[in-house]
Amino acid sequence: MKLWVFVISLTICCLAARTSGAEQVDFVFDDILEAGDLELPYKLNLGLSATAPTRVGVNALLDLREVQKIIPERLADNALVDGCGMQVTLNDLSILADEDTIALDSLLGITRFDCGRISRQDFRRGDELGSFSAQLSTVVSVELRDNCAYLKLPDLTLSGPESTKDRLLQENTLSEVKNLLLAAIDLVLSETPLCPELPAELASLDPIYEKGGPLEIGDGGLGVLLSGSIDVAPSTIIDMLLVLQREKVIPAPP
(Lines give C-alpha, C1' and ligand atoms only; values in the text may rest on other atoms or scores of the structure.)
Protein backbone atom coordinates (compact mmCIF):
# COMPACT_ATOMS: atom_id res chain seq x y z
CA MET A 1 0.00 0.00 0.00
CA LYS A 2 1.48 3.32 -1.00
CA LEU A 3 1.71 5.93 1.73
CA TRP A 4 0.01 8.60 -0.39
CA VAL A 5 -3.23 6.58 -0.46
CA PHE A 6 -3.39 6.78 3.31
CA VAL A 7 -2.37 10.44 3.31
CA ILE A 8 -5.04 11.47 0.78
CA SER A 9 -7.69 9.42 2.53
CA LEU A 10 -6.86 11.06 5.84
CA THR A 11 -6.75 14.48 4.16
CA ILE A 12 -10.22 14.06 2.65
CA CYS A 13 -11.65 13.04 6.00
CA CYS A 14 -10.02 16.01 7.73
CA LEU A 15 -10.96 18.59 5.10
CA ALA A 16 -14.57 17.44 5.26
CA ALA A 17 -14.80 18.93 8.74
CA ARG A 18 -13.35 22.31 7.71
CA THR A 19 -14.79 25.24 5.78
CA SER A 20 -11.80 27.58 5.62
CA GLY A 21 -10.56 28.19 2.10
CA ALA A 22 -7.05 28.57 3.54
CA GLU A 23 -6.79 24.83 4.16
CA GLN A 24 -5.15 23.24 1.10
CA VAL A 25 -2.97 20.27 0.27
CA ASP A 26 -1.34 19.27 -3.02
CA PHE A 27 -0.36 15.93 -4.60
CA VAL A 28 1.41 14.98 -7.84
CA PHE A 29 0.72 11.87 -9.96
CA ASP A 30 2.27 10.61 -13.20
CA ASP A 31 -0.13 9.80 -16.05
CA ILE A 32 -0.10 8.90 -19.74
CA LEU A 33 -1.99 10.55 -22.62
CA GLU A 34 -2.62 8.13 -25.47
CA ALA A 35 -2.71 9.78 -28.89
CA GLY A 36 -2.91 7.19 -31.65
CA ASP A 37 0.19 5.03 -31.29
CA LEU A 38 1.90 7.62 -29.08
CA GLU A 39 2.07 7.43 -25.29
CA LEU A 40 2.74 10.92 -23.97
CA PRO A 41 3.73 11.33 -20.31
CA TYR A 42 2.36 14.18 -18.22
CA LYS A 43 1.92 15.06 -14.57
CA LEU A 44 -1.33 15.64 -12.70
CA ASN A 45 -1.02 18.18 -9.89
CA LEU A 46 -4.03 17.79 -7.62
CA GLY A 47 -4.90 20.53 -5.14
CA LEU A 48 -7.56 19.97 -2.48
CA SER A 49 -9.07 22.76 -0.39
CA ALA A 50 -11.86 23.03 2.16
CA THR A 51 -14.88 24.85 0.71
CA ALA A 52 -17.98 23.54 2.55
CA PRO A 53 -18.86 20.95 5.22
CA THR A 54 -19.62 18.29 2.60
CA ARG A 55 -17.56 19.49 -0.38
CA VAL A 56 -13.83 19.69 -0.99
CA GLY A 57 -12.65 21.97 -3.78
CA VAL A 58 -10.32 20.40 -6.33
CA ASN A 59 -7.94 21.97 -8.83
CA ALA A 60 -6.43 19.51 -11.32
CA LEU A 61 -3.47 21.01 -13.17
CA LEU A 62 -2.36 18.90 -16.12
CA ASP A 63 1.32 19.65 -16.64
CA LEU A 64 1.77 19.03 -20.37
CA ARG A 65 5.29 20.40 -20.79
CA GLU A 66 6.64 16.98 -21.76
CA VAL A 67 3.86 16.64 -24.37
CA GLN A 68 4.72 20.15 -25.57
CA LYS A 69 8.30 18.98 -26.15
CA ILE A 70 7.59 15.58 -27.73
CA ILE A 71 4.83 16.48 -30.22
CA PRO A 72 6.90 18.84 -32.45
CA GLU A 73 9.72 16.27 -32.56
CA ARG A 74 7.40 13.43 -33.59
CA LEU A 75 5.47 15.47 -36.16
CA ALA A 76 8.49 17.08 -37.84
CA ASP A 77 8.37 16.59 -41.64
CA ASN A 78 5.33 14.29 -41.34
CA ALA A 79 2.43 14.67 -43.76
CA LEU A 80 -0.69 16.10 -42.14
CA VAL A 81 -2.53 15.75 -45.44
CA ASP A 82 -1.47 13.21 -48.06
CA GLY A 83 -4.11 12.97 -50.75
CA CYS A 84 -4.00 12.30 -54.45
CA GLY A 85 -3.73 15.95 -55.45
CA MET A 86 -2.03 17.49 -52.42
CA GLN A 87 0.50 16.81 -49.69
CA VAL A 88 0.95 19.05 -46.63
CA THR A 89 3.90 18.55 -44.29
CA LEU A 90 4.47 20.15 -40.90
CA ASN A 91 7.79 21.86 -40.14
CA ASP A 92 9.10 23.90 -37.21
CA LEU A 93 6.02 23.47 -35.01
CA SER A 94 5.93 25.79 -32.00
CA ILE A 95 3.49 25.34 -29.10
CA LEU A 96 3.65 28.13 -26.55
CA ALA A 97 1.43 28.98 -23.58
CA ASP A 98 1.01 32.62 -22.62
CA GLU A 99 -1.02 33.08 -19.41
CA ASP A 100 -4.40 31.57 -20.37
CA THR A 101 -3.72 31.22 -24.11
CA ILE A 102 -2.13 28.44 -26.19
CA ALA A 103 -0.52 29.69 -29.40
CA LEU A 104 0.45 27.30 -32.20
CA ASP A 105 2.68 28.32 -35.11
CA SER A 106 4.23 26.24 -37.87
CA LEU A 107 5.72 26.38 -41.35
CA LEU A 108 3.86 24.15 -43.79
CA GLY A 109 5.26 22.58 -46.91
CA ILE A 110 2.50 22.33 -49.54
CA THR A 111 2.87 20.35 -52.76
CA ARG A 112 0.24 20.07 -55.51
CA PHE A 113 0.04 17.05 -57.85
CA ASP A 114 -1.85 16.15 -60.95
CA CYS A 115 -4.54 13.67 -59.96
CA GLY A 116 -6.27 11.46 -62.52
CA ARG A 117 -9.20 9.10 -62.23
CA ILE A 118 -8.35 5.51 -63.16
CA SER A 119 -11.71 3.96 -62.26
CA ARG A 120 -15.07 4.94 -60.84
CA GLN A 121 -13.66 4.97 -57.29
CA ASP A 122 -9.88 5.15 -57.71
CA PHE A 123 -7.47 7.98 -58.46
CA ARG A 124 -3.75 8.03 -59.25
CA ARG A 125 -1.28 10.73 -58.28
CA GLY A 126 0.58 12.12 -61.27
CA ASP A 127 3.32 14.68 -61.79
CA GLU A 128 4.09 17.41 -59.29
CA LEU A 129 2.49 20.71 -60.29
CA GLY A 130 4.33 22.95 -57.84
CA SER A 131 5.21 23.49 -54.19
CA PHE A 132 5.48 26.37 -51.75
CA SER A 133 5.63 27.13 -48.01
CA ALA A 134 2.91 28.73 -45.90
CA GLN A 135 2.88 30.07 -42.37
CA LEU A 136 0.24 28.63 -40.02
CA SER A 137 -0.91 30.52 -36.91
CA THR A 138 -3.72 29.69 -34.55
CA VAL A 139 -4.90 29.80 -30.94
CA VAL A 140 -6.00 26.59 -29.24
CA SER A 141 -8.99 26.65 -26.89
CA VAL A 142 -10.15 24.18 -24.23
CA GLU A 143 -13.66 22.78 -23.99
CA LEU A 144 -14.80 20.95 -20.85
CA ARG A 145 -17.08 18.01 -21.65
CA ASP A 146 -17.93 14.83 -19.73
CA ASN A 147 -15.35 15.70 -17.06
CA CYS A 148 -12.60 15.84 -19.70
CA ALA A 149 -10.76 18.69 -21.38
CA TYR A 150 -10.83 18.72 -25.17
CA LEU A 151 -8.38 20.89 -27.08
CA LYS A 152 -10.17 22.71 -29.89
CA LEU A 153 -8.99 24.56 -32.99
CA PRO A 154 -11.82 27.00 -33.83
CA ASP A 155 -9.95 28.54 -36.75
CA LEU A 156 -6.49 29.07 -38.21
CA THR A 157 -4.66 31.57 -40.38
CA LEU A 158 -2.55 30.59 -43.40
CA SER A 159 -0.32 33.02 -45.24
CA GLY A 160 1.60 32.10 -48.39
CA PRO A 161 4.56 33.80 -50.04
CA GLU A 162 3.87 37.19 -51.62
CA SER A 163 5.36 36.06 -54.93
CA THR A 164 2.58 33.52 -55.46
CA LYS A 165 -0.23 35.28 -53.58
CA ASP A 166 -2.37 36.08 -56.64
CA ARG A 167 -2.08 32.57 -58.08
CA LEU A 168 -2.89 30.94 -54.74
CA LEU A 169 -5.99 33.09 -54.38
CA GLN A 170 -7.08 32.24 -57.89
CA GLU A 171 -6.56 28.51 -57.35
CA ASN A 172 -8.14 28.67 -53.88
CA THR A 173 -5.19 26.59 -52.62
CA LEU A 174 -4.86 28.09 -49.14
CA SER A 175 -8.60 27.83 -48.52
CA GLU A 176 -8.50 24.16 -49.53
CA VAL A 177 -5.51 23.49 -47.28
CA LYS A 178 -7.17 25.28 -44.38
CA ASN A 179 -10.35 23.20 -44.64
CA LEU A 180 -8.38 19.95 -44.89
CA LEU A 181 -6.22 20.84 -41.88
CA LEU A 182 -9.15 21.89 -39.70
CA ALA A 183 -10.94 18.62 -40.44
CA ALA A 184 -7.83 16.48 -39.84
CA ILE A 185 -6.80 18.24 -36.62
CA ASP A 186 -10.35 18.24 -35.26
CA LEU A 187 -10.54 14.48 -35.81
CA VAL A 188 -7.30 13.90 -33.86
CA LEU A 189 -8.18 16.26 -31.00
CA SER A 190 -11.70 14.88 -30.61
CA GLU A 191 -10.21 11.40 -30.13
CA THR A 192 -7.59 12.60 -27.62
CA PRO A 193 -9.40 14.01 -24.58
CA LEU A 194 -7.52 14.99 -21.45
CA CYS A 195 -9.27 13.06 -18.68
CA PRO A 196 -7.35 13.31 -15.40
CA GLU A 197 -7.68 10.01 -13.57
CA LEU A 198 -6.91 9.35 -9.95
CA PRO A 199 -5.25 6.05 -9.01
CA ALA A 200 -7.69 3.15 -8.80
CA GLU A 201 -7.63 3.19 -5.00
CA LEU A 202 -8.99 6.74 -5.02
CA ALA A 203 -11.51 6.44 -7.87
CA SER A 204 -14.42 6.67 -5.42
CA LEU A 205 -13.53 10.33 -4.78
CA ASP A 206 -14.99 11.03 -8.25
CA PRO A 207 -14.18 14.75 -8.67
CA ILE A 208 -16.64 16.76 -10.74
CA TYR A 209 -14.96 19.43 -12.85
CA GLU A 210 -17.02 22.53 -13.59
CA LYS A 211 -14.66 24.74 -15.57
CA GLY A 212 -11.33 24.48 -17.32
CA GLY A 213 -8.89 26.31 -19.55
CA PRO A 214 -5.25 26.74 -20.56
CA LEU A 215 -2.69 27.85 -17.99
CA GLU A 216 0.94 28.84 -18.53
CA ILE A 217 3.42 26.93 -16.36
CA GLY A 218 6.71 28.71 -15.82
CA ASP A 219 7.93 30.44 -18.97
CA GLY A 220 5.66 29.35 -21.82
CA GLY A 221 5.02 25.87 -20.41
CA LEU A 222 1.80 24.18 -21.49
CA GLY A 223 -0.79 23.41 -18.83
CA VAL A 224 -4.53 22.88 -18.55
CA LEU A 225 -6.33 23.68 -15.29
CA LEU A 226 -9.62 22.02 -14.34
CA SER A 227 -11.55 23.21 -11.29
CA GLY A 228 -14.41 21.55 -9.47
CA SER A 229 -15.20 19.72 -6.25
CA ILE A 230 -15.32 16.35 -4.55
CA ASP A 231 -18.30 15.04 -2.61
CA VAL A 232 -17.23 14.21 0.95
CA ALA A 233 -20.59 13.00 2.13
CA PRO A 234 -20.53 10.05 4.58
CA SER A 235 -20.78 7.51 1.72
CA THR A 236 -17.55 8.83 0.19
CA ILE A 237 -15.69 8.71 3.49
CA ILE A 238 -16.94 5.15 4.09
CA ASP A 239 -15.63 4.16 0.64
CA MET A 240 -12.22 5.54 1.57
CA LEU A 241 -12.21 3.67 4.89
CA LEU A 242 -13.06 0.45 3.06
CA VAL A 243 -10.07 1.00 0.77
CA LEU A 244 -7.83 1.43 3.81
CA GLN A 245 -9.25 -1.75 5.36
CA ARG A 246 -8.68 -3.75 2.17
CA GLU A 247 -5.11 -2.54 2.03
CA LYS A 248 -4.65 -3.40 5.75
CA VAL A 249 -3.74 0.14 6.67
CA ILE A 250 -6.46 0.09 9.34
CA PRO A 251 -7.91 -2.98 11.07
CA ALA A 252 -10.56 -4.99 9.22
CA PRO A 253 -14.07 -5.15 10.74
CA PRO A 254 -14.50 -7.84 13.42
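## A tour of the sheet, the pocket and the cavity

Begin by selecting β1, β2, β3, β11 and β10, which in that order make an open sheet of 5 strands with antiparallel pairing. The edge strands are β1 and β10 (208-217), each of which pairs on one side only. From one strand to the next, the twist averages 25°. Strands are DSSP runs of E with at least two residues, helices are runs of H or I with at least four residues, and both are numbered from the N terminus. Two strands count as paired if DSSP finds at least two bridges between them.

The structure is a predicted model, in which local features need pLDDT of at least 70 and side-chain atom pairs count only at pLDDT 80 or more, while totals for chains, interfaces and linings use all residues. Residues are numbered from 1 along each chain as its sequence is written, and side-chain values use heavy atoms, with hydrogens and water left out.

**First stop: two hairpins.** Select β1 (24-35) and β2 (38-52). These antiparallel strands are joined by 12 bridges; valine 28, for example, has asparagine 45 in β2 as its bridge partner. The strands form a hairpin with 2 residues between them, and glycine 36 in the turn has a positive phi of about 65°.

Next, select β10 with β11 (residues 221-231), an antiparallel pair joined by 9 bridges. Tyrosine 209 has glycine 228 in β11 as its bridge partner, and glycine 213 has leucine 225. Here the hairpin has 3 residues between its strands, with glycine 218 in the turn at a positive phi of about 65°.

**Second stop: the helix across the sheet.** Add α2 (65-75). Helix α2 lies across β2, β3 (55-63), β10 and β11, and runs at about 160° to β2. The angle is taken between N-to-C directions on a scale from 0 to 180 degrees, with axes fitted to C-alpha atoms, for helices over the stretch in contact; contact means heavy atoms within 4.5 Å.

**Third stop: the largest pocket.** Select Ile71, Leu75, Ile185, Val188 and Leu189. What volume does the largest pocket have? The volume is about 940 Å³, and of the 35 residues that line this pocket, those five are the closest to its centre. The lining divides into 27 nonpolar, 5 polar and 3 charged residues. Elements that each supply at least two of these residues include α2, β7 (123-145) and α4 (173-190). On a 1 Å grid over the protein atoms alone, a pocket is an open set of points with protein on both sides within 12 Å along at least five of seven lines, a cavity is a set where a 1.4 Å probe fits but cannot get out, and lining residues have an atom within 4 Å of a point.

**Fourth stop: the cavity.** Select Arg145, Tyr150, Leu151, Lys152, Asp186, Leu189 and Ser190, which line the largest cavity. β8 (148-152) and α4 give two or more residues to this lining. The cavity holds about 30 Å³ of space.

**Last stop: a salt bridge.** Select arginine 125 and aspartate 82, whose side chains meet in a salt bridge at 2.8 Å, N to O. The pair links distant parts of the chain, with arginine 125 in β7 and aspartate 82 in β4, 43 residues apart. The structure holds 7 salt bridges, each a side-chain nitrogen of Lys or Arg within 4 Å of a carboxyl oxygen of Asp or Glu.

Key. Points joined across faces, edges and corners; volume = space filled by probe spheres on them. Nonpolar A, V, L, I, M, F, W, Y, C, P; charged D, E, K, R; others polar.
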